[in-house]
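Thanks for coming, everyone. Please look at the screen, and then we'll walk through the core and its rings.

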Amino acid sequence: ETSEKLSSIFEKVLLLAPKEPLTFDSIFGVGSIAQACVAYLKYLQEKEANFIETIGQILERSRFLETATGKSSEDIETIIAFFELALVMTDNDTTLFANSKKKRIYLKRIYLKAMEFFKDC
């Protein structure tokens, strides 16, 4: 139930977050939407929880991943860390991806979003 609440809160944060870089007073080492995404993925990785839905939500619903333009170097570094973590978690997973074709599809989604994010750099 706690994971469901966290997931629900996280989804609302993504949907309500502005496109512009958003920073706030750091809480538990998290001071931006990008840092929250990385922290939440690390949490899911530690709990060995299903992360695919969360990665999909971040890729498809988060407005801050639309472009690197206007982002601080710190935000860009954090977003690179997000893409790297998402790729590693997806590539290393053996339980969610019994089908290698399905894994390739998810990896491709991540790569395409990264290319779209950095296209104007």
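Is F82 buried or exposed? Keep in mind that this is a predicted model. F82 is buried, and its relative accessible area is 2%. Its partner F83 is buried as well, at 5%. The rings of F82 and F83 make a tilted aromatic pair. Their centres sit 5.4 Å apart, with 55° between the planes.

Now the wider setting. In soluble globular proteins, nonpolar side chains tend to be buried together. Here, the largest nonpolar core has 28 residues. L41, L65, F82 and F83 touch the most other members. Four elements give two or more residues each: helix 2 (33-46), helix 3 (52-61), helix 4 (73-92) and helix 5 (100-118). Helix 4 supplies the largest share, 8 residues.

Stay with F83 for a moment. Leaving aside residues up to four places away in sequence, what does F83 touch? The list is L59, L65, I110, K113, A114, F117 and F118. Two of those names come back when we look at rings. Ring pairs link F82, F83, F117 and F118 into a cluster.

How many aromatic pairs are there? The count comes to 5. One of them is Y40 with Y43, and that pair is stacked. The centres are 6.0 Å apart, and the planes differ by 15°. Why mention helix 2? Y40 and Y43 are 3 residues apart in helix 2, so about one helical turn separates them. Their exposure is worth noting too. Y40 is buried, at 9% relative accessible area. Y43 is partly exposed, at 25%.

That's my tour. Questions, please.

Notes: Residues numbered from 1 in each chain as written. Predicted model: local features only at pLDDT ≥ 70, side-chain atom pairs only at ≥ 80, totals over all residues. Heavy atoms only, no water. Core = buried A, V, L, I, M, F, W, Y, C linked by side-chain atoms within 4.5 Å. Buried < 20%, exposed > 50% of the residue type's maximum accessible area, 1.4 Å probe, protein only. Contact = heavy atoms within 4.5 Å. Phe/Tyr/Trp six-rings, centres within 6.5 Å; stacked < 30°, edge-to-face > 60°.
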